[in-house]
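Got your viewer open and a selection box ready? Load the model below and follow along, one stop after another.

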Amino acid sequence: MVNNKKNHFLKLAALIVALNQAPTVFAAPTSAADTVKTKAGAQAPVVIEADKLYYSEQTGDYTAQGQVHITKDRDQVLSEKISGNSQKGEVNAEGSATLLQPGVSLTGSNIRYNYQSRTGDMDAVTGAIETIFVGGKTVSVIDGKVTVHDGTITGCPAEKPHYYVGADRVEIWPGEKLIAYNAKIVIGNLTLFSLPKLEKSLKDETNTTLLPRIGYDSDDGLMIGQYLAYPIGNQTTVYTDLRYFTKRGFEPQFGMTAQGKGYTVDAFHGSEKNDDDEWIKKEQQFSLGLKPQRIGRSPMTLQVSASAGKWTEEAVSGWRRGYAAYLASDPLKLSNTLSLKLGTGYENVYYGYNRTNNDILRFDADLNLEAKRTEAWLGYSYRHQTNQSVYAYDRIDIPRELRAGFLYQIDAKNKLGVGIKYDMDRSRADELEYTWRHNIHCFDADISYDTKRDRLSLKLMAANW
């Protein structure tokens, strides 16, 4: 046994145990720059740092005390006292402990974790999974999937959240989705509704929210909406977006999404509005999207999709079908704050209404700045088409469009911004919109006014939710 009690060292012992049964190594306290390197193909080592360390080379049992840090790859366990077995990958802490994984920070008690299988559980947990704040009676982790039992999830960082979802069980796949079972939606002390299952996408490109939405614009009036998704299998989800407009009436959307290995199929029914306030009714809409494919080792990704549906816009009604391919680059980092994204693609569309085809070539370039207090963007889009859509909804009004804008944070609760869309063929601004974003506790309110279209709009949504 090794018993080192010299107190004049900070973090007196560092134990490094390679999981491929490499010899046990004792080292002085290390910094991030002193990371031990392993041979190519070997598993990453486990590093245990502590003020006091008791370790058996024969059994692998250990006890570490005083600012204990156990690190394996990008996983960490932190506590004041941890015991376990390095040969079996076991970590046990009876007192308060923190588990850190990419995008995951959970603090609780009675942690039992295995860094070889990346599985474990802990009691009385609070913490965050990406932008979601969680709390639960118990939490279990299985190779990146987090399950919260008898707990709550919210996007509100306040000590007493203004809104949350309470559930018997919440399964969270970071960056993918979450599913809450026997869930209730609560704002303040008011339970809005309960559902046996509730699903939310956590992908960056989606903006679905579990809470009601409130909005207003000059054309459609006041809007109240609620998005709901219900999983009916491991890969299939039915969803609805219940929306009511004071000037248009009830405009619900319904759909079903099924995911397979490498593809997603979606069936949709309902009305949609584009950025130009033009509406379309999709009586039946079916779409197939293949999983984005990386082109070799290049920074390019290919996205392929196809769709078919019956569209109705006033007197124009007929089937519309099309397929598209789009090649996009990963963001090119020009500096710590500046990035460039490029993309090009092709789309073919057939309109059953007048039996015409439209071939569309497209190119996009977007420059984005993300500084401490400022978000800014500059973009260019080019569309070349052989024909014109019979629907105003998807008609290309600006073949060569230049767009620019910024959003500046003037204080902790307020941002001001301007956005412009410029028609390069007609040498005129098509849209000039001023925006004020105000944070109301855990809600964001966007008030925008487009001077070119004389349109006022307001959106109220839960922040980061």
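## Stop one: an odd residue in a strand

Select A124, which sits in strand β10. This is a predicted model, so read every number here as computed from it. Check the backbone of A124: its phi is near 45°, a positive value in a residue other than glycine. That's worth a look because most residues other than glycine have a negative phi. A124 counts as exposed because its relative accessible area is 53%, and the cut-off for that label is over 50%.

Now widen the selection to the whole of β10, residues 119–129, and add β11, residues 132–142. The two strands run antiparallel, joined by 10 bridges. To see one partnership, pick V125 and look across to G136 in β11, its bridge partner. Then go to the turn: β10 and β11 make a hairpin with 2 residues between them. One of the turn residues, E130, has a positive phi of about 55°.

Keep going along the chain to β12, residues 145–154. β11 pairs with β12 in the antiparallel sense too, this time over 9 bridges. Pick V134 and you'll find its bridge partner in β12, I153. This pair of strands is also a hairpin with 2 residues between them, and D143 in the turn has a positive phi of about 50°.

## Stop two: zoom out

Show the whole chain and colour by secondary structure. How many helices and how many strands are there? The chain has 0 helices and 34 strands. Colour by accessibility next: of the 465 residues, 39% are buried. The chain exposes about 25300 Å², and carbon and sulfur atoms supply 54% of that area. If you like contact maps, take the contacts between residues at least 6 apart in sequence: 38% of them join residues at least 24 apart.

## Stop three: the cores

In soluble globular proteins, nonpolar side chains tend to be buried together. Which residues have the most contacts inside the largest nonpolar core here? Select I70, L106 and I172; the core they belong to has 48 residues. Strand β13, residues 163–173, gives this core its largest share, 5 residues.

There's a second, separate core of 8 residues, and W311, V316, V349 and Y351 are among them. Keep W311 selected for the next stop.

## Stop four: aromatic rings

Across the whole structure, a search turns up 7 aromatic pairs. One of them is W311 with Y391: the ring centres are 5.4 Å apart and the planes meet at 55°, so the pair is tilted. W311 lies in strand β24, residues 300–313, while Y391 is in the loop between β29 and β30, so the pair ties together parts that are 80 residues apart in sequence.

Are these two rings' residues buried or exposed? W311 is buried at 4% relative accessibility, and Y391 is buried at 0%. Add Y351 and Y393 to the selection, and you have a cluster of four linked by ring pairs: W311, Y351, Y391 and Y393.

## Stop five: the disulfide

Select the cysteines C156 and C442, which form a disulfide with their sulfur atoms 1.9 Å apart. The count for the model is 1 disulfide. The torsion about the S-S bond is about 55°, so the disulfide is right-handed. Trace the backbone from either end: C156 is in the loop between β12 and β13, and C442 is in the loop between β32 and β33, 286 residues apart. C156 is buried, with a relative accessible area of 1%, and C442 is buried as well, at 4%.

## Last stop: two exposed loop residues

Jump to D454, in the loop between β33 and β34. Like A124 at the start, D454 has a positive phi in a residue other than glycine, with the value near 50°. D454 counts as exposed at 54% relative accessibility.

Finish at N189, in the loop between β14, residues 177–187, and β15, residues 190–201. N189 counts as exposed at 84% relative accessibility. Draw a distance from its C-alpha to that of Y163: the two residues are 26 apart in sequence and 8.7 Å apart in space.

Technical notes
Residues numbered from 1 in each chain as written. Predicted model: local features only at pLDDT ≥ 70, side-chain atom pairs only at ≥ 80, totals over all residues. Heavy atoms only, no water. Helix = DSSP H or I, 4+ residues; strand = E, 2+ residues; numbered from the N terminus. Buried < 20%, exposed > 50% of the residue type's maximum accessible area, 1.4 Å probe, protein only. Contact = heavy atoms within 4.5 Å. Areas by Shrake-Rupley, 256 points an atom, 1.4 Å probe, with all protein chains shown as cover. Core = buried A, V, L, I, M, F, W, Y, C linked by side-chain atoms within 4.5 Å. Disulfide = S-S within 2.5 Å. Pairing = 2+ DSSP bridges. Phe/Tyr/Trp six-rings, centres within 6.5 Å; stacked < 30°, edge-to-face > 60°.
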